[in-house]
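Trainee: I would like a close look at a single part of this model. Please take one element of the sheet and describe its surroundings in a connected account.

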Amino acid sequence: MLNHSNPYIAGNPVRGQSHFVGRSDILRDVLRLLHNPNANAIALYGQRRIGKTSILFQLEHQLSESGRYLPVYFDLHDKADLPLSQILYRLAGQFARYVDVPRLRQEDFDADGVFFHSEFLLQAVKQTQKQLILLFDEFDVLDRPYKGQVGATFLPYLRKWMAGAYQVHFVLAMGRRPEDLSARMLNAFNQVLSRHVSLMDLPESLAIVRKSEQNKTLYWSEGSINRVCYWTQGHPYLTQLLCSEVWEAAYDEYPEETLSLIHI
């Protein structure tokens, strides 16, 4: 059997430069933020599976490659029930992916966040001599109306941090539109720039479909490509999923072949 590899990523965020497609306008807006002296945060919002996490991973990669920035990705989706001290302890743990920090002790992270901000953060950033970029995923978890949980502690802490931060930028990805957030959330972040992550345009969708042509495992007819783009309407997840299913079905039927033309 030939060593064929399905090039489509369905169900998981896209990691790696070679697999990421499009979104140049959104990436450009975030990079512009880094040179804007009047703003230090931007919110990326859009429906589920529209590619927000993939954008954060691509930003993480690009900013790291530049050598000027220290990007730290942090997913909030499973942390709604954690107190502030544990949130900051886990956030510090993410820094360890990029910075050679001393061994972290959970007991050092106090309930008011003083150790994290006044000691740990200063040492970590000083060590790298790079500009810190915080990439927060599932940010609207902070808007859950549960007293005493993450929104009641981390939200005001983060807002204060953002207000006094110098040479620190924040990218906040969330699934809800700004107008759907609570008044408390809107008041806390009313000065934050926002950018809608919408459906992909036709060239971006075509680039996803033709991924199998790049690794020479599956070649599509123009009619087939047009059908895929019509059915998925530029939704990146649906495009990846449909192409992945077609690819798997084709190789189930012809496991020994490099398929030169697919008709749907």
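**Strand 2 and its surroundings**

Mentor: Strand 2 is mostly covered, as seven of its seven residues are buried (under 20% relative accessible area with a 1.4 Å probe, protein chains only; exposed is over 50% and partly exposed lies in between). This is a predicted model, in which local features need pLDDT of at least 70 and side-chain atom pairs count only at pLDDT 80 or more, while totals for chains, interfaces and linings use all residues. Residues are numbered from 1 along each chain as its sequence is written, and side-chain values use heavy atoms, with hydrogens and water left out.

Y69, P71, Y73 and D75 point one way from strand 2, whereas L70, V72 and F74 point the other way, and all are buried. Strands here are DSSP runs of E with at least two residues, and helices are runs of H or I with at least four, numbered from the N terminus. Strand 2 runs parallel to strand 3, and seven bridges join them; two strands pair if DSSP finds at least two bridges between them. Within this pairing, L70 stands opposite L132 in strand 3.

The wider setting is an open sheet of five strands in the order 2-3-4-1-5, with parallel pairing. Strand 2 (69-75) and strand 5 (193-196) stand at the edges with a single partner strand each, so one side of each is left without a neighbour in the sheet. Helix 3 (residues 84-95) packs on the sheet and touches strand 2 and strand 3 (131-137), contact meaning heavy atoms within 4.5 Å. The direction of helix 3 makes about 135° with that of strand 2; axes are lines fitted to C-alpha atoms, for helices over the stretch in contact, and angles run from 0 to 180 degrees between N-to-C directions.
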